[in-house]
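The following report describes selected local features of a single model. Please keep the sequence and the coordinates in view while reading.

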Amino acid sequence: MSDLYEKYFKKPSIKEARKRKSTSTETIHIETPVNLKAIGHGKRYKLMTYGCQGNEADSETMRGIIERLGFTSTDSEVDADIIILNTCAIRENAENRIFGELGRLKQYKRTNPDLILGVAGCMPQEEQVVERLLKSYPYVDLIFGTHNIHKLPEYLESALYNKERVVEVFSDEGQIVENLPKIRDHKHKAYVNIMYGCDEFCTYCVVPYTRGKERSRDPRHIIDEVHELVKAGYQEVTLLGQNVNSYGRDFTDKTYTFANLLEALNNIDIARVRFTTSHPKDFDEATVKVLAKGGNLMPHIHLPVQSGSDKVLKKMNRKYTKESYLKLVNTIYKYIPDASITTDIIVGFPTEEKEDFEQTLDLVRQSKFEGAFTFIFSAREGTPAAKYKDDTEMQTKKSRLQTLNQIINDGYLRGNKRFEGKVVHVLVDGVSRNNPEILAGYSEHNKLVNFKGNQTLIGNIVPVYIEEAKTWFLKGRYHEST
Ligand code: SAH
Ligand code: SF4
Ligand code: F3S
C-alpha cells in the first residue's frame with residue numbers, strides 16, 4: 001500500500017455526522033484560477049448527476065474544476081477517461097438505481113482498463129454505502145463526499161497516475177468554500193447556494209448526515225455572485241438551501257435573515273429570483289411581506305408539508321402542526337393572493353393510519369396546492385424513523401399514494417386553468433423536448449409553457465397568451481403586441 005493510498009483513505013462516520021459544532025463557520029477562499037497542472041490534457045470526462053438542485057449545483061463546481069485541469073466533457077462512456085457519478089441517498093430506490101448504474105459501467109473498465117470510475121455526493125457520506133462499495137465494487141477507483149469537492153484536483157491526479165483507490169469522505173465538516181470555478185448548466189438561469197447543510201433532523205431524512213451542519217454564506221458573497229450573473233446576462237437565480245427560512249441563523253457576527261436577503265435581491269437588477277426549499281416552521285410573516293413586494297420575487301413558493309396529521313408531524317420532528325401550516329398558507333394567500341404553492345408529501349410514514357392519511361388529504365384540499373412531489377416513506381439506515389415500527393402493508397401505502405396523486409393532479413390542472421386567456425411572461429429555456437418547432441420555458445408562477453416561436457427568443461423573457469391549460473403544461477402563443 002503506497003503513501004498516497006494511506007493519505008486518501010478516510011471513511012465516513014455516522015457518529016461524527018450527527019455532531020453539531022457551536023463554533024462559527026470558517027469560510028475558505030480558494031485562489032482562482034486554481035494553480036493546477038493540466039493533468040487532463042487530451043482526456044475526457046463524463047459526469048452524471050442525481051438528486052436535488054444542491055447536487056446539480058455541486059456538479060457545476062465539479063465541472064468547473066475538472067475542465068480547469070484540461071479535461072473535456074463527453075456524453076460517451078466509451079470515450080471517457082473518467083466517469084463520475086454525483087449521487088443521491090434520499091430514498092432507497094435512488095440508491096438502488098445508482099448501484100445498478102455502477103454495475104452497468106463495469107463493462108467500460110474492461111474495454112478501457114485506465115478508466116477512472118468515481119462515486120461522489122451524498123451516498124459516500126453514508127458509512128454502509130462506502131463499506132459496500134469497498135467490498136462489492138472493487139472497480140470503483142475514487143470515492144469522495146459532499147465536503148471535499150475542492151480537493152478533486154489532488155484526487156484525480158493520484159487516481160490517474162497512482163492507479164490506486166482514493167477514498168476520502170469527511171463527516172464532521174463545517175466549512176464554506178468560496179471562489180471555486182463553476183461551469184453552469186444554463187446560460188440564463190443559475191443556482192445560487194445561500195447555505196449548506198441542514199440542522200433540522202427530520203426523523204426520516206439523511207440530509208443532515210450527508211450534508212453536515214447548517215452554514216449560511218455571507219450575504220456579500222451571495223449578492224456579489226448575483227451581480228456577476230447579471231453582468232454575464234443571466235435573467236434568473238434560484239437560491240438554494242435545505243431550509244432557506246433559517247438563513248443567517250448561524251451568523252455570530254451579525255443579524256441578517258432570509259427576509260433581509262430577499263429585500264436586498266429585490267433591489268438588484270436580476271429579472272427573477274426564486275428559492276427552494278422553504279420550511280413551514282421558520283417561514284415568518286416578515287418574509288411573506290417582502291415577497292408581497294413582487295418585482296423580481298416570483299410568486300411561487302415550494303412549501304413541503306410532508307403530512308397533515310399532527311401525530312405524524314410530531315414523529316417526523318417537523319415542529320409545526322396542521323393548524324399552524326394552514327395559518328401560514330392563509331397568510332401567504334392574504335399578502336400574495338395569486339401565489340402558487342407547491343409541496344412535498346410522504347405517505348406511509350411509520351404509524352400513519354387511515355385517519356392520519358385523511359388529515360393529509362384534508363390539508364391538501366384546504367391548501368389549494370398547485371403541485372406536489374409525493375413519496376412513499378423509505379427507511380434510511382442511521383435515521384431514527386428507520387427504527388420505528390412500520391406495520392402498514394406496502395399495498396396500502398401504494399393505494400394511499402394513488403389517492404393522493406389524483407387530488408394533486410387536479411391541483412396541477414386547477415393551477416394551470418387560472419391562466420387560460422391571460423398573458424404570462426415566460427423565460428424561454430429552449431425548444432420543447434417533443435417538438436423542435438415549439439419553445440418551452442417557465443412563467444412567473446413556475447408553470448411550464450409551450451408556444452410556437454422563433455429560437456432567437458431563447459434566453460429572453462417574453463409575453464405569451466395562454467390558449468389552453470393542460471395538467472402538466474400551458475399551451476400559448478407569442479403575444480407580440482406587448
Ligand atoms: N429540505 C427539503 C427537501 C429535502 S428532500 C425539505 O425539508 O423539504 C426532498 C423531499 O424528499 C422531502 O421534502 C421529503 O418529502 C422527501 N423525503 C426525504 N426523505 C425521505 C424518506 N426517507 N422517504 C421518503 N421521502 C423522503
Ligand atoms: Fe431533510 Fe428535514 Fe433537513 Fe429537509 S429540513 S433536508 S427534510 S432534515
Ligand atoms: Fe439527495 Fe443529497 Fe440532495 S441525498 S436530495 S442529493 S442533499
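At 31% relative accessibility, Asn446 counts as partly exposed, where buried means under 20% relative accessible area, exposed over 50% and partly exposed in between (1.4 Å probe, protein chains only). Asn446 has a positive phi of about 65° although it is not a glycine, and it lies in the loop between β19 and β20; helices (H or I, at least four residues) and strands (E, at least two) are DSSP runs, numbered from the N terminus.

The model is predicted, so that local features need pLDDT of at least 70 and side-chain atom pairs count only at pLDDT 80 or more, whereas totals for chains, interfaces and linings use all residues. Residues are numbered from 1 along each chain as its sequence is written, chains are lettered from A and ligands numbered from 1 in the order in which they are written, and side-chain values use heavy atoms, with hydrogens and water left out.

**The barrel**

Five strands close into a barrel in the order β18-β19-β20-β22-β21, and the pairing is mixed, two strands being paired if DSSP finds at least two bridges between them. Neighbouring strands of this sheet are turned by 50° against each other on average, direction ignored; for such angles, axes are lines fitted to C-alpha atoms, for helices over the stretch in contact, and the angles run from 0 to 180 degrees between N-to-C directions. Three of the pairings are listed here with a bridge partner pair for each.

| Strands | Sense | Bridges | Partner residues |
|---|---|---|---|
| β18 and β21 | antiparallel | five | Val424 and Val464 |
| β20 and β22 | parallel | four | Val449 and Leu474 |
| β21 and β22 | antiparallel | five | Ala469 and Leu474 |

Leu474 in β22 is thus named twice, as the bridge partner of Val449 and as the residue opposite Ala469. The connection from β21 (residues 461-469) to β22 (residues 474-478) is a hairpin through four residues.

Elsewhere around the barrel strands, Ser432 lies in the loop between β18 (423-431) and β19 (438-442). Ser432 is buried, with a relative accessible area of 10%, and it touches Ile438, Leu439, Ala440 and Asn450, not counting residues up to four places away in sequence; contact here means heavy atoms within 4.5 Å.

**The surroundings of ligand 2**

Which residues are found around ligand 2? They are Cys198, Glu200, Phe201, Cys202, Tyr204, Cys205, Val207, Pro208, Gln242, His279 and Arg318, a residue being near a molecule or strand if one of its heavy atoms lies within 4 Å of it. The shell divides into seven nonpolar, two polar and two charged residues, where Ala, Val, Leu, Ile, Met, Phe, Trp, Tyr, Cys and Pro count as nonpolar, Asp, Glu, Lys and Arg as charged, and the others, Gly among them, as polar.

Among the cysteines of this shell, Cys198 counts as buried at 8% relative accessibility, and Cys205 is likewise buried, with a relative accessible area of 14%. The count of disulfides comes to zero, a disulfide being taken as a pair of cysteine sulfur atoms within 2.5 Å.

Phe201, also listed around ligand 2, is found in the loop between β11 (195-196) and α7 (207-211). Phe201 has a positive phi of about 55° although it is not a glycine, and with a relative accessible area of 22% it is partly exposed.

**A cis peptide bond**

The peptide bond from Thr276 to Thr277 is cis, with omega near 10°, and Thr277 is found in the loop between β14 (272-276) and α10 (285-291).
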